[in-house]
Amino acid sequence: MVCKKDLENVLSNLTTWKKTADNRDAIFKEFKFKDFKSAFAFMTSIALKAEEIGHHPEWFNVYSKVSITLTTHDVQGLSEKDILLG
């Protein structure tokens, strides 16, 4: 688990990710693509990496947008797996 004081450090390394607004130890990012096919290809690549490391994102897709939230439910906060997937 990434302790709260290290969260800012983690975010400084993942410059395009933001802390979620709901007071969870989680990070969030929205990706925009030219079309659904591109968004789905991106999701497929992330799904393969997630399976490889045994860690799965919370995500939502509508047409060309993919929103991803990373947190580790087992530790109720951010972990090394979130950083690796981010």
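Two aromatic rings of Phe, Tyr or Trp are said to pair if their centres lie within 6.5 Å, and the six-membered ring is the one used for Trp. By that rule the structure shown above, which is a predicted model, holds four aromatic pairs. The points below describe these rings, then the strands, and then the nonpolar core to which some of the rings belong.

**Aromatic rings**

- Phe33 and Phe42 form an aromatic pair whose centres are 5.0 Å apart, and the pair is tilted because the angle of 40 degrees between the planes falls between the limits of 30 degrees for stacked and 60 for edge-to-face.
- The partners in this pair differ in exposure, since Phe33 is partly exposed with a relative accessible area of 24%, whereas Phe42 is buried with a relative accessible area of 17%.
- Phe36 and Phe40 form another tilted pair, with 5.8 Å from centre to centre and 35 degrees between the planes.
- Both Phe36 and Phe40 belong to helix H2 (residues 36-53), where they are four residues apart, which is about one turn of the helix.
- Phe36 is partly exposed, with a relative accessible area of 39%, and Phe40 also counts as partly exposed, at 47% relative accessibility.
- Ring pairs also link Trp17, Phe31, Phe33 and Phe42 into a cluster.

**Strands**

- Strand S2 (residues 27-32) has side chains that alternate along its length, with Ile27, Lys29 and Phe31 pointing to one face, where they are buried, while Phe28, Glu30 and Lys32 point to the other face and are not buried.
- Such a pattern can be set beside a general rule, namely that in a regular strand the side chains alternate between the two faces of the sheet.
- Strand S1 (residues 18-19) runs antiparallel to S2 and is joined to S2 by two bridges, and Lys19 stands opposite Ile27 in S2.
- Strand S4 (residues 65-70) also runs antiparallel to S2, and six bridges join these two strands, with Ser67 in S4 as the bridge partner of Glu30.

**Nonpolar core**

- The largest nonpolar core has 14 residues, and the members that touch the most other members are Trp17, Phe31, Phe42, Val66, Ile68 and Leu70.
- S2, H2 and S4 each supply at least two residues of this core, and H2 gives the most, with six residues.
- Phe31, which lies on the buried face of S2, is in contact with Trp17, Phe42, Ser64, Lys65, Val66 and Ile68, when its neighbours within four places in sequence are left aside.
- As a general tendency, nonpolar side chains in soluble globular proteins tend to be buried together.

How values were computed: Residues are numbered from 1 along each chain as its sequence is written. This is a predicted model: local features need pLDDT of at least 70, side-chain atom pairs count only at pLDDT 80 or more; totals for chains, interfaces and linings use all residues. Side-chain values use heavy atoms; hydrogens and water are left out. Buried means under 20% relative accessible area, exposed over 50%, partly exposed in between (1.4 Å probe, protein chains only). Two strands pair if DSSP finds at least two bridges between them. A nonpolar core is a set of buried Ala, Val, Leu, Ile, Met, Phe, Trp, Tyr and Cys residues joined through side-chain atoms within 4.5 Å. Contact means heavy atoms within 4.5 Å.
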